[in-house]
There are 2 protein chains.
Amino acid sequence: MYKKIKRFLVGTPLGNNALDEEKYGITWGLPILASDAISSVAYAGQEMLMVLIPAVGILAYGQLSIVSFGIIGLLFILMLSYRQTIDNYPNGGGAFIVSKENLGVHAGVTAGAALSIDYILTVAVSISSGVEQITSAFPQLRQHYGSIIISVILVLVMMVGNLRGIRESSKVFGLPAYAFMFAIFAMLITGFYKVMVLHYVPTVPDLKAAVEPLSLFLLLKAFSSGCTALTGIEAVSNAVPNFKSPSTKHAKTVLLLLSFIILILFGGTSILANMYRVVPGDKAILILMAEQVFGVGFMYYFVTATTFIILVLAANTAFSGFPMLISVMAKEGYAPRQLCMRGDRLAYDNGIYLLTIVSIILIIAFKASVTSLIGLYAIGVFISFTLSQTGMFVKWCRDKGPHWHLKAALNGFGAVITAIAVVIIAFEKFQQGAWLVVVLIPIMIFLILKVERHYKSVKKQLRIKPEEYDDYDMSVDKYRNRVIVPIESINKSSVRALKYAKTISDNIIAFNVAIDEDAANELRMKYEKLNAGVPLTIEFSPFREIVDPLLRFIASEEYDYKKGDIITVILPQFKVKKGWHKFLHNNTEFFIRQELLKHKHIVVSTIPLQLKDDKLILNS
Amino acid sequence: MYKKIKRFLVGTPLGNNALDEEKYGITWGLPILASDAISSVAYAGQEMLMVLIPAVGILAYGQLSIVSFGIIGLLFILMLSYRQTIDNYPNGGGAFIVSKENLGVHAGVTAGAALSIDYILTVAVSISSGVEQITSAFPQLRQHYGSIIISVILVLVMMVGNLRGIRESSKVFGLPAYAFMFAIFAMLITGFYKVMVLHYVPTVPDLKAAVEPLSLFLLLKAFSSGCTALTGIEAVSNAVPNFKSPSTKHAKTVLLLLSFIILILFGGTSILANMYRVVPGDKAILILMAEQVFGVGFMYYFVTATTFIILVLAANTAFSGFPMLISVMAKEGYAPRQLCMRGDRLAYDNGIYLLTIVSIILIIAFKASVTSLIGLYAIGVFISFTLSQTGMFVKWCRDKGPHWHLKAALNGFGAVITAIAVVIIAFEKFQQGAWLVVVLIPIMIFLILKVERHYKSVKKQLRIKPEEYDDYDMSVDKYRNRVIVPIESINKSSVRALKYAKTISDNIIAFNVAIDEDAANELRMKYEKLNAGVPLTIEFSPFREIVDPLLRFIASEEYDYKKGDIITVILPQFKVKKGWHKFLHNNTEFFIRQELLKHKHIVVSTIPLQLKDDKLILNS
């Protein structure tokens with residue numbers, strides 16, 4: 001049943017050899033990795049205007065373009081720096097790997113933690129903001145926790161899409177991204193044409209004049225609001241191994257294309273907003289511009305619909321990037337090992353599940369409110385940008401390859417710029433929630449290092465050194481295997497356990513816990529009749545305990561034994577036909593097992609007894 | 001930690017030999033078993049007045065006495081019938097046992113089901129009505145689910161008190177019952193004295209005259225509201241074994257005393273209510289009478305306080321009766337076996353837990369509202385009264401001992417009267433919720449019979465017949481024990497498993513699931529170096545499954561084998577130092593175990609490896 005549902009949702013399993021076919025080229029890699037960055041076109045300009053208009057009024061539109069192109073400049077610096085990173089780290093991992101190799105474990109883990117948090121927030125923020133768009137159009141959807149429910153459903157849809165594997169998800173989620181790009185591009189062309197060729201005069205909004213002088217502080221505030229546009233870049237460098245060969249070349253091309261698309265769409269909408277002087281309010285500026293440019297018609301609705309979709313799809317970038325990042329961390333022992341296992345469709349299923357669960361918790365905790373979530377966002381990715389750029393800078397200075405001065409300068413400049421951005425964002429958003437991220441990152445670093453220590457310790461405990469192999473002692477002469485068979489009463493199940501015991505050792509004791517003398521005598525009598533050839537020990541339990549006397553007996557036997565010996569305890573276990581039948585048995589086997597396995601040199605052998613169908617037995 | 005808290009709450013364990021000391025005599029048996037019956041004094045008269053006053057106005061008071069003495073008459077019939085039952089069934093069990101032995105399994109199970117439901121309802125109703133009294137005095141307690149929270153806390157207090165054992169709980173919960181009896185008795189004496197000797201004239205309430213003629217229908221409705229006063233009787237017959245020896249004599253005396261106490265208190269308050277003409281409204285009639293009799297002073301508050309306490313304590317009768325009833329049913333295989341095991345303090349802990357959980361669920365589901373719960377109440381106990389009386393009637397007619405005519409007549413009359421009561425209550429309360437009980441009882445009967453079938457079937461499957469004992473085949477020659485050791489990699493843990501395997505059989509296979517050729521070759525190379533003397537089989541898993549290839553391999557081996565042979569699979573299992581470390585390992589051992597134990601002739605041996613503290617290992 002469960003398997004059938006899974007097959008229906010996820011599809012048939014793919015063999016290991018299908019891995020190459022699952023990878024994407026430029027055509028489908030671009031939309032899936034770029035959706036986060038591109039989606040920022042839908043809100044970054046808006047966020048900036050909302051900071052600027054109340055302060056400087058009509059002057060805001062001029063400043064918008066300045067700040068926008070500042071951000072685009074930063075984007076190009078990052079793009080060029082990351083192209084260098086991709087060349088040097090073709091196996092993906094981005095900031096985590098780069099920082100770890102060049103700046104040490106702590107820097108790497110910091111980048112990994114910061115980035116993981118940001119990926120999770122990407123899902124929560126994008127989905128919530130997409131849903132905010134729908135519910136602003138249909139307010140009745142907000143009732144009965146509607147926003148939360150729709151958000152959770154969308155996360156689950158995205159989860160299933162991604163579990164279906166890279167190839168399918170890139171197509172399913174890629175098409176709408178292209179549709180959005182087309183919609184905005186069409187709006188830009190038409191909009192410019194209308195103003196410049198047809199000399200359309202937009203209505204000038206009734207904005208009050210500047211109430212405060214334009215300050216650097218204000219520009220920085222707008223800048224930090226707009227920086228969310230850049231969080232998509234890291235995803236490309238994390239996902240290099242997902243590209244068809246030559247993967248680095250493809251990834252670099254995607255990064256380049258991504259930057260030019262952002263340049264055109266983000267820069268273009270900034271200029272268009274300046275021309276049409278739209279004021280963000282109940283409706284988003286993209287929608288307001290579409291209204292003026294196209295009038296309320298097909299294209300207006302097309303822009304509205306694709307805007308909603310791209311906001312939701314931005315979450316998909318995290319669904320591509322996070323499982324890759326965490327699998328790289330898991331492979332190196334910095335995260336639970338299960339996170340680097342590929343699932344049925346060769347995706348990192350466990351990473352996808354983890355992302356789903358945590359982002360759903362976030363959405364519920366913050367009631368799917370973008371205003372509450374946005375404050376937490378973007379600081380993580382800029383921390384990892386800084387670390388990764390610094391790492392590359394250090395690498396160039398150390399390795400000194402051809403043109404290393406130029407390369408180091410580029411990455412160094414990127415590091416300085418993003419470090420400044422971290423300070424600005426942290427400062428501007430601290431009270432809006434960034435403090436939470438500032439607290440969470442050290443906690444995650446601590447946990448990650450604990451995980452790593454544990455794996456290292458296990459490895460050390462299990463490892464057989466190469467030089468030990470040849471003369472490893474595989475003889476078992478010194479082992480003596482003593483067997484204890486706890487029996488509750490004489491029945492077919494306990495007889496089966498005794499017979500099994502006789503096949504594995506000659507040194508067996510049957511053991512019973514009796515509540516009183518009468519019960520003990522009855523059992524002893526029956527047991528003698530059996531002629532089992534195995535001695536029986538009976539302990540009395542005045543306090544009606546069953547497990548403790550057995551444990552005490554075994555402990556005393558263990559104590560008597562010389563080092564290296566082993567005790568096998570044979571426990572019969574009923575396997576019932578129907579789940580609820582379990583509650584009708586005492587399940588002492590389970591408790592005994594749990595306790596015994598804490599001891600050294602004890603092996604617990606479970607001998608199952610399949611109970612037959614009640615009807616079958618009673619009617620025979 | 002958990003154990004310490006338990007010891008603090010429940011006390012030190014008692015040995016089996018303390019059982020006799022735990023039992024109660026008349027002094028403490030009376031209040032604990034009578035509290036349910038006595039508590040009805042606090043509400044039954046009230047309930048009847050609330051039915052009668054709106055219909056017949058001032059005439060209600062006369063009718064109250066008539067109906068009350070009707071109910072008291074029924075009580076005496078039941079008391080006499082149950083004294084006969086106790087004599088014949090000194091081991092307790094009441095209606096369940098009596099019906100089962102005389103009317104057959106289905107009647108017994110019906111009585112058991114009906115009674116269990118009523119015991120659970122007793123807890124929910126009494127606690128809720130007690131809490132309703134407090135919250136009517138302090139309405140601010142109703143905020144923030146206050147009633148539900150207080151009710152749940154009271155149930156938990158009662159649970160802990162009863163887990164402490166019969167003796168302690170009978171004293172803790174017995175004293176307040178005596179205090180209540182004293183309070184009401186004092187009120188009766190003072191009240192009668194004031195009217196008859198001091199010629200006090202109570203204010204006559206402003207009641208309208210009769211709006212409808214007094215009908216049988218109305219009397220019956222009042223009767224069914226008052227019948228809740230009788231539900232405590234069954235508890236005495238269930239609890240016979242809890243009495244000190246001679247237990248039947250003590251139980252019968254308690255039943256007699258109980259009846260006289262009810263006669264005096266219930267009959268007395270009916271007459272007093274008639275004299276003082278109190279009208280139930282915001283305050284309960286007992287409180288209103290206390291106000292007129294004593295004035296607002298110490299005794300007024302004493303009556304108020306003990307009334308609240310006795311309502312809550314009525315639940316304690318269920319805490320005495322239910323675990324006894326269900327343990328008797330469990331002993332005979334009609335309920336999960338765990339319910340007949342005595343806990344640390346010789347109480348039937350699991351029955352107490354079950355009662356606690358279900359009644360808390362009921363309280364939460366019905367929001368601690370007496371009005372919603374009362375409708376469900378009383379029908380169950382009257383069904384069991386009827387069955388038990390009928391059972392006794394059948395017994396006398398069959399056994400024909402001395403005075404059997406008289407005895408049969410008494411029980412037969414009881415059966416007819418209670419059968420009529422069942423019909424009246426079911427009819428009157430059907431829409432108020434009794435329909436739910438009418439639906440629930442058959443469902444419970446169905447489940448109980450399913451449980452009984454399962455135990456019977458298990459017993460049949462396990463049983464070795466006496467005649468089979470002497471020549472039971474304990475030889476193991478025909479058994480061959482083949483051992484499979486699944487290994488993931490070559491490490492100290494897998495080597496340990498191999499060594500253990502060599503102590504139990506000469507027929508061993510090491511088994512590995514490889515994802516690709518490279519991994520397989522590396523493992524094979526290392527394994528050969530070990531010189532383990534055990535052949536290695538490697539299977540490829542193109543779909544990255546680990547468990548399934550192993551299961552397929554074992555299944556094929558099992559298939560090859562001749563009947564009677566056994567396969568032992570040895571699974572190493574990490575035992576980690578810290579709970580959360582579990583999440584860092586794949587826990588494949590668990591899944592393999594679950595799957596393997598479904599197969600026949602497979603024994604799963606778990607060989608634990610205690611991981612050492614990470615710090616210890618890494619610093620060495």
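The legends below describe close-up views of a predicted model with chains A and B.

Residues are numbered from 1 along each chain as its sequence is written, while chains are lettered from A and ligands numbered from 1 in the order in which they are written. Because the model is predicted, local features need pLDDT of at least 70 and side-chain atom pairs count only at pLDDT 80 or more, whereas totals for chains, interfaces and linings use all residues.

**View 1. Domains of chain A.** Chain A is assigned domain 1 (24-458) and domain 2 (481-619), with bounds from an automatic or database domain assignment. Their C-alpha centres lie 61 Å apart.

**View 2. The ten-stranded sheet.** Strands from both chains form an open sheet in the order β3(A)-β2(A)-β1(A)-β4(A)-β5(A)-β5(B)-β4(B)-β1(B)-β2(B)-β3(B), with mixed pairing. β3 (536-540) of chain A and β3 (536-540) of chain B are at the edges with a single partner strand each, so one side of each has no neighbour in the sheet. Neighbouring strands are turned by 25° against each other on average, direction ignored. Helices (H or I, at least four residues) and strands (E, at least two) are DSSP runs, numbered from the N terminus; two strands pair if DSSP finds at least two bridges between them.

**View 3. Parallel strands of chain A.** β1 (residues 481-486) and β2 (residues 508-514) of chain A run parallel and are joined by four bridges. V483(A) is opposite I508(A), and V485(A) has A510(A) as its bridge partner. The β-α-β crossover from β1(A) through α20(A) to β2(A) is right-handed, meaning that, with the strands pointing away from the viewer, the path from the first strand over the helix to the second runs clockwise. β2(A) pairs with β3(A) in the parallel sense over five bridges, and V513(A) has E539(A) as its partner in β3(A). β2(A), α21(A) and β3(A) also make a right-handed β-α-β unit.

**View 4. A helix across the sheet.** Helix α23 (residues 588-596) of chain A lies across β4 (566-575) and β5 (602-610) of chain A, at about 155° to β4(A). Axes are lines fitted to C-alpha atoms, for helices over the stretch in contact, and angles run from 0 to 180 degrees between N-to-C directions.

**View 5. The contact between the chains.** Chain A gives 68 residues to the contact and chain B 69 residues, where contact means C-beta atoms, placed from the backbone, within 7 Å. The largest share of chain A's side, ten residues, comes from α18(A). β5(A) pairs with β5 (residues 602-610) of chain B in the antiparallel sense over three bridges, T606(A) having V604(B) as its bridge partner.

Methods. Contact = placed C-beta atoms within 7 Å.
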